[in-house]
Amino acid sequence: MAVLGFYVVFAVVAFLLAGIAGRLVPPGHWWRSAGRGLISLAAPPLVAVLLLYAGVVWLGGWDRARIRVPPGRRAVRGVARGLLWGVGLAGAVLALCIASGARLVIGPPFGESFLGVAAP
């Protein structure tokens, strides 16, 4: 149920953000390409996790031990290890693409910024 709840909240938040951005931001604006990624890709999972945590822990009365959340330092190490795996896998994919003949072009397309494209 927790996983289903996460995906439902994720989808609802993603659709709402896309709809709001579509109505507020004019076509051709940088937000339609790069800026949209910062909010549209980052906000739905963060909101879903926070709501799910609030529902399970606070409303459900569960404690951290029951849902197996490690204490502070172990949790930070786990997040860092997961981030390192993600960056490593992304680097491996880029290396395989380049090795198979893809061209690496350094420079953001269409006037986008690197931060807006890479951060999500």
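This passage walks through the helices, the surface and the largest pocket of a predicted model.

The overall plan of the chain is a friendly place to start. Its secondary structure consists of four helices and zero strands, and a reader moving along the sequence meets the pattern α-α-α-α. The chain has 120 residues, of which 12% count as buried.

Two of the helices can be checked with a ruler. Helix α1 has 23 residues, and the distance from its first C-alpha to its last is 33 Å, close to the 33 Å expected at 1.5 Å a residue. Helix α3, made of residues 72-99, holds 28 residues and should span 40 Å at 1.5 Å a residue; because its end C-alpha atoms are 40 Å apart, the expected and computed values agree. After α3 comes glycine 101, whose phi is positive, near 110°.

Attention now turns to the start of the chain. Methionine 1 belongs to the segment before α1, the helix that covers residues 2-24. Is methionine 1 buried or exposed? Its relative accessible area is 85%, and because exposed means over 50%, methionine 1 counts as exposed. Methionine 1 also contributes to a nonpolar surface patch of about 790 Å², together with Leu4, Val8, Val12, Leu16, Ile20 and Leu24. The spacing of such positions can be read with a simple rule in mind. An α-helix has 3.6 residues a turn, so residues three or four places apart point the same way. In contrast to the patch, Phe6, Val13 and Ala21 of α1 are buried.

Phe6 leads on to another feature of the model, the largest pocket, where Phe6 is one of the lining residues. About 160 Å³ of space lies in this pocket. Besides Phe6, its lining is made by Ala2, Val49, Leu52, Tyr53, Val56, Val57, Trp62 and Ile67. Which elements give two or more residues to this lining? They are α1 and α2, the latter covering residues 30-59. Helix α2 provides the largest share, with five residues.

Among the lining residues, tyrosine 53 deserves a closer look. Tyrosine 53 sits in helix α2. Its relative accessibility is 32%, and because this value falls between the 20% limit for buried and the 50% limit for exposed, tyrosine 53 counts as partly exposed. Isoleucine 67, which also lines the pocket, is 14 residues from tyrosine 53 along the chain, and the C-alpha atoms of the two are separated by 9.8 Å.

Technical notes
Residues are numbered from 1 along each chain as its sequence is written. This is a predicted model: local features need pLDDT of at least 70, side-chain atom pairs count only at pLDDT 80 or more; totals for chains, interfaces and linings use all residues. Side-chain values use heavy atoms; hydrogens and water are left out. Patches are made of residues with over 30% relative accessible area and no salt bridge: like charges are joined within 9 Å, nonpolar side chains (Val, Leu, Ile, Met, Phe, Trp, Tyr) within 5 Å. Accessible areas come from the Shrake-Rupley method with a 1.4 Å probe; for residues, only the protein chains shown count as cover. A salt bridge is a side-chain nitrogen of Lys or Arg within 4 Å of a carboxyl oxygen of Asp or Glu. Buried means under 20% relative accessible area, exposed over 50%, partly exposed in between (1.4 Å probe, protein chains only). The expected span of a helix is 1.5 Å times one less than its number of residues. On a 1 Å grid over the protein atoms alone, a cavity is a set of points where a 1.4 Å probe fits but cannot get out, and a pocket is an open set with protein on both sides within 12 Å along at least five of seven lines; lining residues have an atom within 4 Å of a point. Grid points are joined across faces, edges and corners, and a volume is the space filled by probe spheres set on the points.
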